[in-house]
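Work through the exercises below with the model open beside you. Try each task before reading its solution.

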Amino acid sequence: AAAVPTAGSAYTYAYTTIGEIFAWVIAWDLVLEFALGAAVVARGWSGYLQSALNLPTTLFGEAAPVNVGAVAIVLVLGFVAARGISEARWVTTALVVIKVSICVFIICVGAFFIRVANYHPFIPPAQPSEGGASAWEQPLYQFLTGVEPTKFGIGGVLAAAAVVFFAYSGFEVVANLGEETKNPGRDMPKGLLGSLIICTVLYVAVCFVVTGMVKYTNLSEGAPLADAFDAVGLGWAGILISIAAVCGLTSVILVDIVGMGRVAFALCRDGLLPKRIGMVHPKWGTPIGVTIASTLLIAALAALVPLRLLADMVSIGTLFAFLIVSVAVAVLRKTAPDMKRPFRVPWSPFVPILSAVLCLVMMSSLGVDTWVRFLVWLLIGMAIYLGYGYRHSRLATDELAEGLVKSVP
């Protein structure tokens with residue numbers, strides 16, 4: 001992000017290192033990641049709003065036939081994203097302040113209600129899945145090795161990590177905004193590493209406190225943070241947390257819409273999609289066409305597709321994107337050793353290789369059905385590339401590589 005500060009992030013990195021066809025695959029994957037990620041969070045947003053305000057379940061939450069609440073928030077934030085990065089920045093900043101404040105509140109107040117007994121066993125031992133998972137639903141590594149399907153244990157930790165990995169897709173969005181950053185060589189490493197450290201500390205501390213307050217088996221899937229405070233007699237705090245969760249999830253939807261627009265803009269600029277789709281609004285300076293199209297697609301997904309199905313698809317897309325970036329870092333060290341690098345990955349290529357391996361391990365923990373849907377999505381993308389992108393591409397590999405050479409001091 002610091003060395004190649006352009007819209008498109010992982011797509012552009014793949015383009016400059018391993019070629020156009022791989023770049024298209026990763027771009028198509030990023031479209032999946034951002035679109036489904038925003039849809040996942042929009043459905044969660046609707047559920048928390050329903051919980052906080054006791055709204056009708058026929059319109060809000062997972063029980064709604066058509067999740068009207070999710071559609072409404074996507075349309076509103078799509079308009080904010082279309083207006084420009086400045087508006088999106090102010091909205092996101094305000095929401096993040098609320099989100100971080102409530103995380104600190106949970107940690108500080110919840111710490112007084114921790115019961116050490118709730119941490120035992122810290123990693124519940126592996127046990128056979130109840131009823132047995134079908135071949136379609138079991139993790140890929142179990143399907144390939146014939147290992148009996150289980151839950152909990154180390155395998156359960158890996159499976160859970162893979163499912164919730166979409167929480168880290170926000171770092172991909174930060175990289176996407178490198179072209180709109182005043183000093184990317186300085187600001188991108190600070191923004192990415194600083195936010196990673198803060199998020200890691202907050203994520204781990206909140207989970208540690210909440211599972212210490214209430215046994216994990218007594219937490220619901222829909223609103224676990226609110227459940228924990230309800231269980232210890234702090235119902236008012238549960239309501240406060242639900243409202244704060246709505247604010248926090250709002251910021252996630254917004255950055256996903258912004259990120260998807262930037263990836264599509266990069267594709268249009270390189271000729272892999274029709275250029276008119278990526279047109280920039282003369283006043284707002286945003287890719288208005290792709291932002292509107294992205295918003296409508298995300299609204300449709302949020303309205304109709306169940307949350308759990310969306311979450312698995314987002315995670316495999318995010319992990320695949322991170323896998324490609326890890327490979328690109330190692331390749332770029334060999335192909336452009338003298339390129340100006342404001343930030344250098346330490347212990348390369350060990351760190352990039354380890355990152356790629358861990359991404360593959362977590363991807364193998366996702367279900368066979370998720371893998372099949374992911375491969376179908378990639379096949380659709382390849383059909384679009386062969387039908388349009390391959391013939392209309394401006395061969396950006398050579399052009400971007402030339403730009404890298406010019407950046408050598």
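**Exercise 1: A long span**

In this predicted model, helix 2 covers residues 20-53, a run of 34 residues. Find how far helix 2 reaches from its first C-alpha to its last, and set that against the span expected at 1.5 Å a residue.

Solution.
- Step 1: The expected span is 1.5 Å times one less than the number of residues, which for helix 2 comes to 50 Å.
- Step 2: In the model, helix 2 reaches 49 Å, close to that expected value.
- Step 3: Now look at its surroundings. Of the 34 residues of helix 2, 29 are buried, so the helix is largely enclosed by the rest of the structure.
- Step 4: Look just past the helix. Asparagine 54 follows, and its phi is positive, near 55 degrees.

**Exercise 2: Covered residues**

How many residues of helix 1 (residues 10-17) are buried?

Solution.
- Step 1: Apply the cut-off: buried means under 20% relative accessible area.
- Step 2: The count is 8 of 8, and helix 1 is mostly covered.
- Step 3: Name them: Ala10, Tyr11, Thr12, Tyr13, Ala14, Tyr15, Thr16 and Thr17.
- Step 4: Helix 1 is followed by glycine 19, with a positive phi near 110 degrees.

**Exercise 3: Two helices in contact**

Are helix 9 and helix 10 roughly parallel or antiparallel to each other?

Solution.
- Step 1: Take the axes of helix 9 (residues 224-231) and helix 10 (residues 235-269). They come within 7 Å and cross at roughly 170 degrees.
- Step 2: Angles over 145 degrees count as roughly antiparallel. Helix 9 and helix 10 are therefore roughly antiparallel.
- Step 3: List the contact. Helix 9 gives Leu225, Ala226, Phe229 and Asp230; helix 10 gives Gly235, Ala237, Gly238, Ile241 and Ser242.
- Step 4: Sort this contact by class: 5 nonpolar, 3 polar and 1 charged residues.

**Exercise 4: Ring pairs**

How many aromatic pairs does a search of the whole structure find? Describe two of them.

Solution.
- Step 1: The search finds 9 aromatic pairs.
- Step 2: Phenylalanine 105 and phenylalanine 229 are stacked, 6.1 Å centre to centre with 25 degrees between the planes.
- Step 3: Phenylalanine 105 lies in helix 4 (residues 85-110) and phenylalanine 229 in helix 9, so this pair ties together parts 124 residues apart in sequence. Both phenylalanine 105 and phenylalanine 229 are buried.
- Step 4: Phenylalanine 320 and phenylalanine 374 pair edge-to-face, at 5.4 Å and 70 degrees. The pair links helix 12 (residues 307-335) with helix 14 (residues 368-392).
- Step 5: Phenylalanine 320 counts as buried at 15% relative accessibility, and phenylalanine 374 at 2%.

Note on methods
Residues numbered from 1 in each chain as written. Predicted model: local features only at pLDDT ≥ 70, side-chain atom pairs only at ≥ 80, totals over all residues. Heavy atoms only, no water. Helix = DSSP H or I, 4+ residues; strand = E, 2+ residues; numbered from the N terminus. Buried < 20%, exposed > 50% of the residue type's maximum accessible area, 1.4 Å probe, protein only. Axes fitted to C-alpha atoms, helices over the stretch in contact; angles between N-to-C directions. Parallel < 35°, antiparallel > 145°, perpendicular 65-115°, else oblique. Contact = heavy atoms within 4.5 Å. Nonpolar A, V, L, I, M, F, W, Y, C, P; charged D, E, K, R; others polar. Phe/Tyr/Trp six-rings, centres within 6.5 Å; stacked < 30°, edge-to-face > 60°.
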